[in-house]
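Biologist: Before we use words such as buried or salt bridge, could we go through what stands behind each of them?

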Amino acid sequence: MDNTWVKLLPVETIPKIMNYQEQMDTEQQDHKISIKELVKKYETNLVKGLSSAKAAEILARDGPNVLTPPKQTPELIKFMKQMIGGFSLLLWVGAVLCWIAYAIQFGQGNHSAKDNLYLGVVLAGVVILTGCFAYYQEAKSTNIMASFHKMVPQQALVIRDGEKQQITADKLVVGDIVLIKAGDRIPADLRLLSAQSCKVDNSSLTGESEPQSRSTEYTHENILETKNIGFYSTTCLEGTATGMVISTGDQTVIGAIATLASGVHNEKTPIAVEIEHFVCIVTGLAVSVGVVFFILALTLGYKLLDSIIFLIGIIVANVPEGLLATLTVSLTLTAKRMAKKNCLVKNLEAVETLGSTSVICSDKTGTLTQNRMTVAHLWFDNQNHVADTSEEQSVQSFDQTSQTWAALAKIIALCSRAEFAPGQEDVPIMKRDVVGDASETALLKFSETVFGNVMEFREENTKIFEIPFTSTNKFQLSIHRNNNPYDKRLLLVMKGAPERILESCSTVMLQGREVPLEDDEIEVIQSAYLEFGGLGERVLGFCHQYLPKDKYPDLYIFDADSRNFPVSNLCFIGLLSLIDPPRSSVPDAILKCRSAGIRVIMISGDHPITAMAIARSTGIFSAGSETVEDIAKRLNVSVDQVNKRDAIAAVINGSDFQEMDPEFLDDILRSHGEIVFARTSPQQKLIIVEACQRQGSIVAVTGDGVNDSPALKKADIGIALGIVGSDAAKNSADMILLDDNFASIVTGVEEGRLIFDNLKKAIAYTLTKNMAELCPFLVYIIASIPLPIGTITILLIDLGTDIIPSISLAYEKAERDIMNVQPRNPSKDRLVNLHLASYSYLQVGVTQSIGGFLCYFTVLADQGWLPSRIIGIRLTWEDTTNNDVEDSYGQEWTYQQRRYMEWTCYTAFFVGIVIEQLADLIIRKTRRNSIFEQGIFGNKVLWIGLLSQVGIALLLCYAPGMQNSLHFTSLRVQYWFVAAPFAILIFVYDEIRKFFIRKYPGSWWDKNMYY
Amino acid sequence: QQQREEAEHRQPQQHPDISLTHHAKHNIKAPLTGFALHTMADKDDKKDLAEGAGGWKKFIFNPGTGQFMGRTASSWALIFLFYLVFYGFLAGLFSFTMWVMLQMLDDYTPKYRDRVSSPGLMIRPKVGSPLEIVFNKSDAKSYEKYVTALDGFLKPYDDLIQARKNILCHPGDYLRQPTNILIKKACQFNRTMLGDCSGANNSSFGYNEGTPCVLVKMNRIIGFEAGAGNNPIINCASKKEPQVDVKYFGSFDKMYYPYYGKKAHVNYSQPLVAVKLMLGTNETNRDLMIECKITGTNLKNDDDRDRFLGRVSFRVHITE
């Protein structure tokens, strides 16, 4: 069975990827062809640019250079959806039936009976009101997003008519010549015509956090990899460049990804599925019971009008009118609570989705890591030293006494172009803004912490010459005046790729002394280099040389081109490695995920080794779990000989991925518990998410870049990063992590799980009294007794007394450690299951009805109507012309007197239900534990709920004017206690139920009574 | 076989893909559309449907496990037994609480009488539409039902029966009786007291002459002393001009009150007032709305909602 499943999908998916690749190749040739051809193709001029007229013409043809925003559902349709969703349709039917009943009565000449007209209006009002409420809630959560849409119009410097012009970026057209400098956002897809040490940040597109250098060379046939293209919406970090616009708006690569994202349908959230399922059950019940009794009533000889009124009553009694509003409020409350914990929920239903999540596909950069390079290790004096990589980094505790360290520290401080942005003296070092690339920033902050004021130190040791780092020479060199008054020699410092630095050295400094660099020493250094590299760290080598005073006096003119200074036989000082370290809260959070049964899969655009190192240090790869490669290494066999099933962990390289079919991916997901995907593309992310979903998992995806947006949308819950995240990612996501911290997701999961449990309790609470509302109607029809409870009364329970109590259950604390159980299985652990329904309806509900009936019979009997008299009395009772109906004691009653009597019954039944609902609310605090264990007073809001319930009931009973408007009568005080025995019974019975569930887990009782 | 079923069910999900390829051709410029297609296929819904249909049959009866509606026979028996015991217990508890409640009631008077604080009025005959008297005075058949009804209603008031069962009382005095005597005495209300409407002189109660008799009765309320000291007075009139002539027989004398309930006051004879509508030829073939009102200190007759409290309206239509 599974095989057919799996085989069908790959067939669909694979050709599409191929197709996409092919299209890329055939469509996007602009990076391959020569600039001459390009100029011809786009009819432009490299020096003069386009003419304004031509540009206007192209603009008219291609449209403005903006991304088409995703299609918005019209507000009216959204509103209408709310009006017919859920129970609304059923209630509309009820309202229409009311009006039909009224029309029939009117037709029969009974002009005064307006009850049905009003009831219809009330029902319609309920639908419209709850609809408006839901619409408002939805609109409010979308409004949070509106702020993200407001973007400052981007400017672009363009050459047109031979002049440099500043225009807004949306006016750019294909063929325009654009000038880019450091700090600019690239305004369209550009083919670079010239570039001066230009570096771009493509992370929003490819997920790669490293700055990419840009040049005019065509280096790769894949447009995403080649160096001569600058992509729309990426940022130029340094240098300058000139480029020709080759595509604009939706035709850009980013536009294509955005289109991909808008093509992905938003999956229905698990809670939406659950609510739909529940609405289905209740609607099915209402309709079937309604129809059965409609037919029954007709066959029993009731008139059509009466039968219709029965049908209305049954529908109103069956539908928990207030429940959907309650759910919305509960979710909103949780959303607010989550927002305080830095999880901003865009889509209310997503609140619960996080709780159901069984797989988290996490981005590496920024979420798991701190998104900044930090010094991780140092190597000098033949020794490894570990640096503190935590967020604060206040103290560096490694041994700093050696002379070698002093030399190394001096190089780190001097051989750097990075500087703190001015005016930040009061800001903690780690939080200061730095002008310079990521590595230099790390070094600057590192030396500032260990060394003191670096800028001052640099002033004392004036830089007189410098060769900046380039990708060709792979080192950086500078020459400084020395601040030591006894040593006026100039100091040459150099840092760069370790192999390049080692080449330039002939000595090495050990404990402050220079010794010749022997082969075995080189080997030691090499192995340290490899060790750091193996940890996924970027390694830099450092060396220096004091230039002899006689040869290099103070005013010596250094020249970079002739290299009139030593660049060999320098003195090797040490190595230093950098890493983007994991956030300190992450390992703990991942551990929590693991105990909560949530699988964390890392999807990274980075190199496999870096990705694996982070996986190890964050605990995504647990201690002792091995990859196939690790096993192969340990057993000293080749990778092919290892049984793949033995390896718990796996690192999958995205570039191998394209050859893998999804069947293989399914296999990987099934056979490895701990997986890291490295070097993945946006499409691959999407495929991975789909693969996880195929396994039946509820998948959460975190991401920040535009490249993540398709996956974010495909995910059951997309989580965008609030600080570094792009607007596209935030738009596609369901939730925004305001602090970019993975640990916040875990608190989100906890809240989500809690709300699922609590919604279950709220639903169980609400459904119970529906039985107590339904039973009176059924008995009324079958036994022909006076109506025990009115339709309006039912509405006042559903929308009056019961609302606050059911919301208060959202504040209930967890019954057990919810973070130590597996995530719920969406196909088995339903929000509303058969056990919940049967326990609520058939057990507690029936008990409640009986309590209600006791109230009803007591009130009637006390006034002279014994049960024996009222059974079968209905027709006489409801006959308006019969004004001397005899009761059990021989007294005679007018119609109106009987009506008041009936309203007293409504009130009594209502009070009975309210009293029993108090017990029902208390028992719903827990599903398994004893109430006494949970604490009766723990949930303050629940007590407010209980009080409000009694308060509203008192108001309805005793406020003046209630008798004729809502048919409530002032009930004698003792009737409030008639149902109390049944309330106590409900409490005791539920305690017994829970006791046996705890005592005999897995028993028949447990299986049938636990909901 | 199961596998094939499964595969068949999944067939439909490929259709959306096929239809969407057209879309791809239109949009060939966007390099990624080819991929977007796949995700756009909304296959999940169809899958659910297909599985739903198969699963439904299986749910009704699963031959593999012998489960019927998700439970085996023994499981059904067990759950049935559980509910039997549970509902048995509930029924027992309900019966017990009802019994306790009924024990607290008095056999002779209801606990509360506040819902019937003031009596309503009603008329006899009550046949067909109870508040309408429609007949042809020259057609005996058309008023026969009224005559029979009145005759039947007045049977217990026959003088002989009254004399045998009830006592003679002093008019103008309430017949208050001590509580320790359980069976209460009742005053005689003789049929002959109704004079022209007793049926003695005219066996058809004036219906043949177009001057029909209507009996007005006041609802019984236990312990209620009508008039609170004065005899209640009844007055009937047409709601619209011109007025009709009315003759009254009998009275709601104080001696008939208070009423002690049907268990204590077995032979109680409810007092009546007969209203003879002296209708002439002017009033034939015309709708008459007659309203009777009772006046007395503790008698309400102008309640907004209860149109029968201390008053009663009925329609009379006589044809010739």
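Modeller: We shall take a few residues and one helix in turn; please keep in mind that this is a predicted model.

Biologist: Why is Ser198(B) called buried?

Modeller: Ser198(B) has a relative accessible area of 4%, and buried means under 20%, so Ser198(B) is called buried. This residue is found in the loop between helix H7 (159-165) and strand S5 (213-218) of chain B, where Ser198(B) touches Leu154(B), Arg191(B), Thr192(B) and Phe205(B), not counting residues up to four places away in sequence.

Biologist: What makes the approach of the Ser198(B) side chain to the backbone nitrogen of Ala200(B) a polar contact?

Modeller: The side chain of Ser198(B) reaches that nitrogen of Ala200(B) at 3.2 Å, and since the cut-off for a polar contact is within 3.5 Å, the pair meets the distance condition.

Biologist: How do you know that Arg899(A) and Asp115(A) form a salt bridge?

Modeller: The closest N and O atoms of Arg899(A) and Asp115(A) are 3.5 Å apart, and because a salt bridge requires them to be within 4 Å, the pair qualifies. Arg899(A) lies in helix H33 (residues 895-923) and Asp115(A) in helix H6 (residues 115-149) of chain A, so the salt bridge ties together parts that are 784 residues apart in sequence.

Biologist: Why is Arg899(A) called buried, and why is Asp115(A) called partly exposed?

Modeller: Arg899(A) has a relative accessible area of 15%, which is buried because the limit is under 20%, whereas Asp115(A), at 43%, is partly exposed because that class runs between the buried limit and the exposed limit of over 50%.

Biologist: What makes Arg927(A) and Asp757(A) a salt bridge?

Modeller: Their closest N and O atoms are 3.1 Å apart, and because the limit is within 4 Å, this pair also counts as a salt bridge. The pair links distant parts of the chain, with Arg927(A) in the loop between H33 and helix H34 (931-934) and Asp757(A) in helix H27 (residues 742-783), 170 residues apart. Arg927(A), with a relative accessible area of 5%, and Asp757(A), with 14%, are both buried.

Biologist: What makes helix H30 (residues 834-862) of chain A mostly covered?

Modeller: Of the 29 residues of H30(A), 26 are buried. The helix reaches 40 Å from its first C-alpha to its last, close to the 42 Å expected, and a kink of about 40° is centred on Gly845(A).

Methods
Residues numbered from 1 in each chain as written. Chains lettered and ligands numbered in written order. Predicted model: local features only at pLDDT ≥ 70, side-chain atom pairs only at ≥ 80, totals over all residues. Heavy atoms only, no water. Helix = DSSP H or I, 4+ residues; strand = E, 2+ residues; numbered from the N terminus. Buried < 20%, exposed > 50% of the residue type's maximum accessible area, 1.4 Å probe, protein only. Polar contact = N/O pair within 3.5 Å; in protein donor to acceptor, adjacent residues only side chain to side chain. Contact = heavy atoms within 4.5 Å. Expected span 1.5 Å × (residues − 1). Bend = angle between axes of the 7 residues up to and from the residue. Salt bridge = Lys/Arg side-chain N within 4 Å of Asp/Glu carboxyl O.
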